[in-house]
Amino acid sequence: MALGWIISTIVAAILGTTYAVLIASMNKKVARDKKGDIDFSKSDIYFHWTRWDYVIIIAAIHTFLCIMGLLLFLLRGDNIDSPWIQFFIHQTFVFSLITFIWFITRIAFVFKGIKARWSDEFK
């Protein structure tokens, strides 16, 4: 039975949605141009420490704790049939992927903002 996978999917959906709402709620502070694209020259939010950074850190800590839980149950002798192993494998995969994507996106937005504000220095 895949009880661990099911519980992990529910937990990932709840946490992922909560994190996404926290990050998406920052969009009201983003300046946009006439086409609806982000105007990086007027949006200061990407140059400040925001809740996006806190969410990335929390997701990374969650991932690390899931890796430690997985290691603990593997050292105890459990195998893939254990709901705990299933739970921690799924959580580790999902949140390491989410954390990586959010981190890369955050860095990309900062670099786009730098390029928009100081483009004359990059020519």
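## Exercises on three packed helices

Helix 1 and helix 3 are roughly parallel to each other. Keep that picture in mind as you work through the exercises, and remember that this is a predicted model.

### Exercise 1: How helix 1 and helix 3 meet

Task: Find the angle between helix 1 and helix 3, and say whether they count as parallel or antiparallel.

Solution. Begin with the axes: those of helix 1 and helix 3 are 8 Å apart, and the packing angle is about 25°. Next, bring in the cut-off: angles under 35 degrees count as roughly parallel. Helix 1 and helix 3 are therefore roughly parallel. To finish, look at the handedness: helix 1 passes helix 3 in a right-handed crossing.

### Exercise 2: Bringing in helix 2

Task: Work out how helix 2 is oriented relative to helix 1 and relative to helix 3.

Solution. Take helix 1 to start with. Its axis and that of helix 2 come within 9 Å and cross at roughly 160°. Angles over 145 degrees count as roughly antiparallel, so helix 1 and helix 2 are roughly antiparallel to each other. On the helix 1 side, the contact is made by Leu-15, Tyr-19, Leu-22 and Ile-23; on the helix 2 side, by Arg-51, Trp-52, Val-55, Ile-58, Ala-59 and His-62. The crossing of helix 1 past helix 2 is left-handed.

Now turn to helix 3. Helix 2 packs against it at an angle of about 155°, with axes 8 Å apart. That makes helix 2 roughly antiparallel to helix 3. Here too you can note the handedness: helix 2 passes helix 3 in a left-handed crossing.

### Exercise 3: Checking the length of helix 2

Task: What span should the 25 residues of helix 2 have, and what is the distance between its end C-alpha atoms?

Solution. Helix 2 covers residues 51-75. The expected span is 1.5 Å times one less than the number of residues, so helix 2 should span 36 Å. Its end C-alpha atoms are 36 Å apart, which agrees. After the helix comes Gly-77, with a positive phi near 105°.

### Exercise 4: The buried side of helix 2

Task: Which helices do the buried residues of helix 2 pack against, and what does Ala-59 touch?

Solution. Start with the buried residues of helix 2; among them are Trp-52, Val-55, Ala-59, His-62, Cys-66 and Phe-73. These buried residues pack against helix 1 (3-24) and helix 3 (83-117). Now zoom in on Ala-59, which is found in helix 2. Its relative accessibility is 0%, so Ala-59 counts as buried. Leaving aside neighbours within four places in sequence, Ala-59 is in contact with Tyr-19, Phe-95, Thr-99 and Trp-102. For Thr-99, the C-alpha atoms are 6.0 Å apart in space although the two residues are 40 residues apart in sequence.

### Exercise 5: Three residues of helix 3

Task: Is each of Phe-95, Thr-92 and Arg-106 buried or exposed, and what are its contacts?

Solution. Use the cut-off for buried, under 20% relative accessible area.

- Phe-95, in helix 3, has 0% relative accessibility and so counts as buried. Beyond residues up to four places away in sequence, Phe-95 touches Ala-12, Leu-15, Gly-16, Tyr-19, Ala-59, His-62 and Thr-63.
- Thr-92, also placed in helix 3, is buried because its relative accessible area is 14%. The Thr-92 side chain reaches the backbone oxygen of Phe-88 at 2.7 Å. Farther along the chain than four places, Thr-92 touches Thr-63, Cys-66 and Ile-67.
- Arg-106 has its place in helix 3 and, at 7% relative accessibility, counts as buried. The Arg-106 side chain reaches the backbone oxygen of Tyr-46 at 3.1 Å. With neighbours within four places left aside, its contacts include Ile-45, His-48, Trp-49, Trp-52 and Ile-56.

### Exercise 6: A residue in the loop

Task: Where does Phe-47 lie, and which residues is Phe-47 in contact with?

Solution. Phe-47 lies in the loop between helix 1 and helix 2. Its relative accessible area is 32%, so Phe-47 is partly exposed. Setting aside neighbours within four places in sequence, Phe-47 is in contact with Val-110, Gly-113, Ile-114, Arg-117 and Trp-118. One of these, Ile-114, is 67 residues away along the chain, and the two C-alpha atoms are separated by 8.9 Å.

Key:
Residues numbered from 1 in each chain as written. Predicted model: local features only at pLDDT ≥ 70, side-chain atom pairs only at ≥ 80, totals over all residues. Heavy atoms only, no water. Helix = DSSP H or I, 4+ residues; strand = E, 2+ residues; numbered from the N terminus. Buried < 20%, exposed > 50% of the residue type's maximum accessible area, 1.4 Å probe, protein only. Contact = heavy atoms within 4.5 Å. Polar contact = N/O pair within 3.5 Å; in protein donor to acceptor, adjacent residues only side chain to side chain. Axes fitted to C-alpha atoms, helices over the stretch in contact; angles between N-to-C directions. Parallel < 35°, antiparallel > 145°, perpendicular 65-115°, else oblique. Left-handed = near helix turned anticlockwise from the far one by under 90°.
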